[in-house]
Amino acid sequence: MLNLRENGIGDKGVKALVDGILAQGEKSMLKILDLSSNDIGDAGADWVGKMLGNHKCALENLVLAYNKIGPNGARDIAKGLKKNITLQSLDLRNRTFGKGAIKDTGAKVLAEALKENGILREIFLDSNGIGADGARALNEALTSNISLTQISLKNNKVTPEVFQLISESLNRNKGFAV
């Protein structure tokens, strides 16, 4: 485990970290990485996505909560998720709906990745300004992804109608929880 929470490493620090992980001659032994509260934006998320998509990445748990990752960063992380075969937990919780929230656009690209990724077990998207459109896309991913056991959408802008749709999908896939 590597816990770098609240170190202010920013995008440049993420690049250096990813370069170091991927520079190893063999698969990394790092299973848990906590980069929460580090002022990481979309540029840093691009490096995270590259790491996730690389065969040397063995991460099982990645915490990116409380950073400044927006829709573009979510897109880059989603690209990596499509190729990743080890990550089981992804935490993208946010504190506000404003700058740094993935919003519907980011939720949609993550949903597309979840359709292809059969490894991820849980994803935390709290307080990301996700509305009905993003939640519908996640619901659609739920219907085809049987590996997910938890999706957290606390403090978003999801309507009761969409929560009902998600609930119906979860009922079809007994192991899921919202």
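## Finding your way

Helices (H or I, at least four residues) and strands (E, at least two) are DSSP runs, numbered from the N terminus. This is a predicted model, in which local features need pLDDT of at least 70 and side-chain atom pairs count only at pLDDT 80 or more, while totals for chains, interfaces and linings use all residues. Residues are numbered from 1 along each chain as its sequence is written, and side-chain values use heavy atoms, with hydrogens and water left out.

## Leu 33 and Lys 31

Let us begin in strand E2, where you will find Leu 33. Leu 33 has a relative accessible area of 0%, so it is buried (buried means under 20% relative accessible area, exposed over 50%, and partly exposed in between, with a 1.4 Å probe and protein chains only). What does Leu 33 touch, not counting residues up to four places away in sequence? Its partners are Leu 2, Leu 17, Met 51, Leu 59, Asn 61, Leu 62 and Val 63, where contact means heavy atoms within 4.5 Å. Leu 33 and Arg 5 are 28 residues apart along the chain, and their C-alpha atoms are separated by 9.2 Å.

Lys 31 belongs to the loop between helix H1 (10-23) and strand E2 (32-34). With 34% relative accessibility, Lys 31 counts as partly exposed. Leaving aside neighbours within four places in sequence, Lys 31 is in contact with Ala 58, Leu 59, Glu 60 and Asn 61. From Lys 31 to Lys 56 there are 25 residues in sequence and 12 Å in space, C-alpha to C-alpha.

## Helices H3, H4 and H5

Next, follow helix H3 (residues 71-83) and helix H4 (residues 103-116), whose axes come within 8 Å and cross at roughly 0°. Axes here are lines fitted to C-alpha atoms, for helices over the stretch in contact, with angles running from 0 to 180 degrees between N-to-C directions. H3 and H4 are therefore roughly parallel to each other (the cut-offs are under 35 degrees for roughly parallel, over 145 for roughly antiparallel, 65 to 115 for roughly perpendicular, and oblique for the rest). On the H3 side, the residues that meet H4 are Pro 71, Ala 74, Arg 75, Ile 77, Ala 78, Leu 81 and Lys 82. Their partners in H4 are Thr 105, Gly 106, Val 109, Leu 110, Glu 112, Ala 113 and Glu 116. Sorted by class, this contact has 8 nonpolar, 2 polar and 4 charged residues (Ala, Val, Leu, Ile, Met, Phe, Trp, Tyr, Cys and Pro count as nonpolar, Asp, Glu, Lys and Arg as charged, and the others, Gly among them, as polar).

H4 also meets H5: their axes come within 8 Å and cross at roughly 5°. That makes H4 roughly parallel to H5. From H4, Asp 104, Ala 107, Lys 108, Ala 111, Leu 114 and Lys 115 take part. Across from them in H5 are Ala 132, Asp 133, Gly 134, Ala 137, Leu 138, Glu 140, Ala 141 and Ser 144. The contact of H4 with H5 has 7 nonpolar, 2 polar and 5 charged residues.

Lys 103 is also found in H4, and with a relative accessible area of 36% Lys 103 is partly exposed. The C-alpha atoms of Lys 103 and Gly 118 are separated by 23 Å, with their positions 15 residues apart along the chain.

## Loop residues to look up

Which residue in the loop between strand E4 (89-91) and H4 can you visit? Gly 100 lies there, and at 10% relative accessibility Gly 100 counts as buried. Gly 100 touches Asn 67, Lys 68, Ile 69, Gly 70, Asn 94 and Asn 128, not counting residues up to four places away in sequence.

Tyr 66 sits in the loop between strand E3 (61-63) and H3. It has a positive phi of about 60° although Tyr 66 is not a glycine. At a relative accessible area of 22%, Tyr 66 is partly exposed. Ser 127, in the loop between strand E5 (122-124) and helix H5 (132-144), has a positive phi of about 55° and is not a glycine either. Ser 127 is buried, with a relative accessible area of 9%.

## Charges over rings

Tyr 66 appears again here: the charged end of Arg 95 sits over its ring, 4.3 Å from the centre. A charge sits over a ring if NZ of Lys or CZ of Arg is within 6 Å of the ring centre and within 35 degrees of the ring normal. Arg 93 lies over the face of Phe 124, at 5.9 Å from the ring centre.
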